[in-house]
Every structure is written in C-alpha cells, then in structure tokens.
Amino acid sequence: MEPVVTVGLDGSPESLAAARWAADEAAERGIALRLLHAWPQLVPEPTRVPAETDQNAWARHLVRSTRTELQERHPNLSVVEALVADDAQNALLQAASDAGSEMVVLGSRGLEPVESYFLGDVSMPVVVRSVRPVVLVRARGTEQEPPSRAPSPGVVVALKLPGSSDDLLDFAFRTAAARGVALLAVHGKRVPLPADVPLAADADEPMTRQARNELDAALRPWREKYPRVSATGSVRLTGPAEAVVRAAEGAVLLVVGRRRHRLGMAPRLGPVAQAAVHHGRCPVAVVPHD
C-alpha cells in the first residue's frame, strides 16, 4: 500500500477541522489522504434500496462532500474514500496498522474544566493503542481558542533527556521539513529549590548546562539529515508538561511521545503527553516509541 494519511470523519466540526489539517499534511508530504467513516450498521455495497430509505446515504454524503471541499483546496491530492461497517475505534486502529499508514488524524474537543479530561469514546483508546502516530486537531473559531498574535514556533517536540526517541524526532523533523517551518525541541527541568528561595539571574547555568549539551547531542544527527530545517533547543526551568504546553502556543504542531505498552500492561499516556492532549491548543501528535 502506498503511503497514506488517514482521517476519521464523524460529521462533527472537530472532524472536519481534522480533515483539513490532514489534507494539508498529505499534500505537503506528497502522499494520499484516506477519508474514513466507520459505522457498524453500514449496508454492504452496492445497495439497491430507494434513496429515501438508503441507510448509507448520510455516510456517503459526509465522505463525498468532505472530499469535494478538500480537493478544491488541493486539486492534485489523491483522496481515497473508506466506508467501513465496523466500530470506529476498531476501524481506526486497523487503518493505523495498515502497510503504508503514516498517521491517523482525529478531531479533538474543547477545554472546559470537566471536558479537558475526556476526549470521547474513540479518540483516547486510539491514541494509547495505535501503532502509528495519532494527531489530534481542535476545531477553530471557538471562544476557548483565541487566535494567537505571537510568531509561530513551527513544530514543537517534547524531549526527555537523556534517551530521546528516534521515532519521535524523525516524525517531528519530517513534519517540519514538509511544512517548511522551524523546529523547537523543548526539555523542561524543574529547579529543586524551596518556593521561598529566590533564583539568581545566572543560577540556572550549572543546572541546565548538561541538559543543553544532551539536547544538542540528540538534535545533531537530525540537523544533519534535515539540513533545511532550522532546529533549536530550549531547556526551561519548569515542569516538563508546563514547559511543553507553553512553548507550543501558536505552533503548527506539538509532538509528544508515548511508550508502546508491554504485554499485560494497560496502555496509558505519560504526564507530558496527557497535558499536551488535554490542554494544548495547537494540533498534537502522539508518537508511539520503544
């Protein structure tokens, strides 16, 4: 199977925002886009029932109208329609495991105090179980997401030091190269000082020197592999989750990692990925790695 970006469609504003982001990404990478809508009650094709009683009519309209809009934005984009008679979670995980799958893109809901801990019945299981990166995209134009006036930092990737993941950096650099934007690698390092002790202006130097050296070493081979990507590193004296979410304000994409779950262990997200998924305002890619 040729390389493909898969986006899940359910008719919500979030899924349409995800489809637009996925189409842009597929076009930039020069690969195909797959529009996937899964519903267990889909009738096997071809259907011979009258249009007014066709159970698949809404599903076909959703996929075809989305395809029409996206190909107006990207006339040369190869778009594949996929109507699947299956549970959405199963269908998306299967799509992620297909040969040629680059990523799965899903819509993500808002940031109300209660909603911030729930992405719905489909998104979270796919994020924690997918064998390929999953990108979550929020619908724009809401009161919870005011437009950013600050310059975009491009692609932001969260790095844990030492031991950064090749899968994580490869995905981040490839995306930055395809989009023609800069890359910012962020490592958060909390300062082990009591709250009532003021931090001198230059006190961070010995605390961050080793982290900066490790960050530069992690980025060096990827800078050589992607010489056109302007890649910088940033060590921030705050908690890793806070450092990453703040750095990604207005970013094209925030890339975070997720450990592949071992046999017998429940899949889960670490604290940085949790914070990015629930509180990041830009699209967030969760990349599985060893």
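Val105 sits in strand E4, which spans residues 101-108. Val105 is buried in this predicted model, because its relative accessible area is 0% and the cut-off for burial is under 20%. Strand E4 belongs to an open sheet of ten strands with mixed pairing. The largest pocket has a volume of about 720 Å³, and strand E9 gives the largest share of its lining.

**Sheet layout**

- The strand order is E3-E2-E1-E4-E5-E10-E9-E6-E7-E8.
- Strand E3 (79-84) and strand E8 (231-236) stand at the edges.
- Each edge strand has a single partner strand, so one side of each is left without a neighbour in the sheet.
- Neighbouring strands are turned by 25 degrees against each other on average, direction ignored.

**Strand E4 and its partners**

- E4 is mostly covered, with eight of its eight residues buried.
- Strand E1 (residues 4-8) runs parallel to E4, and four bridges join the two.
- In that pairing, Thr6 of E1 stands opposite Val104 in E4.
- E4 also pairs with E5 in the parallel sense, over five bridges.
- Here Ser108 stands opposite Arg138 in E5.
- Val105 also has a partner in space that is distant in sequence: Trp21 is 84 residues apart from Val105 along the chain, yet their C-alpha atoms are separated by 8.2 Å.

**From E5 to E10**

- Strand E5 (residues 134-138) and strand E10 (residues 284-289) run antiparallel.
- Three bridges join E5 to E10.
- The bridge partner of Val135 in E10 is Ala285.
- Ala285 is also the bridge partner of Val255.

**Strand E9**

- Five of the seven residues of E9 are buried, so this strand is largely enclosed by the rest of the structure.
- E9 and E10 run parallel, joined by six bridges.
- Strand E6 (residues 155-158) also runs parallel to E9, with three bridges between them.
- Val155 stands opposite Leu253 in E9.

**Largest pocket**

- The lining of the largest pocket consists of 30 residues.
- Lys160, Gly257, Arg259, Gly270 and His289 lie nearest the pocket centre.
- Four elements give two or more residues to the lining: strand E7 (183-188), helix H7 (240-247), strand E9 (253-259) and helix H8 (271-279).
- E9 supplies four lining residues, the largest share.
- By class, the lining has 15 nonpolar, nine polar and six charged residues.

**Helix H3**

- Helix H3 covers residues 88-97, and its buried residues are Ala91, Leu92, Leu93, Ala95 and Ala96.
- Asp87 caps the N-terminal end of H3.
- In this cap, a side-chain oxygen of Asp87 lies 3.0 Å from the backbone nitrogen of Gln89.
- Ala95 is found in H3, and it counts as buried because its relative accessible area is 3%.
- The C-alpha atoms of Ala95 and Thr6 are separated by 7.2 Å, although the two residues are 89 residues apart along the chain.
- Thr6 is the residue that stands opposite Val104 in E4.

**Buried polar side chains**

- His37 lies in strand E2 (residues 32-38).
- With a relative accessible area of 6%, His37 is buried.
- The His37 side chain reaches the backbone oxygen of Leu9 at 2.9 Å.
- Thr66 has its place in helix H2 (residues 57-73).
- Thr66 counts as buried at 5% relative accessibility.
- The Thr66 side chain reaches the backbone oxygen of Leu62 at 2.7 Å.

Notes
Residues numbered from 1 in each chain as written. Predicted model: local features only at pLDDT ≥ 70, side-chain atom pairs only at ≥ 80, totals over all residues. Heavy atoms only, no water. Buried < 20%, exposed > 50% of the residue type's maximum accessible area, 1.4 Å probe, protein only. Polar contact = N/O pair within 3.5 Å; in protein donor to acceptor, adjacent residues only side chain to side chain. 1 Å grid on protein atoms, 1.4 Å probe; cavity = no way out; pocket = protein on both sides within 12 Å on 5 of 7 lines; lining within 4 Å. Points joined across faces, edges and corners; volume = space filled by probe spheres on them. Nonpolar A, V, L, I, M, F, W, Y, C, P; charged D, E, K, R; others polar. Pairing = 2+ DSSP bridges. Axes fitted to C-alpha atoms, helices over the stretch in contact; angles between N-to-C directions.
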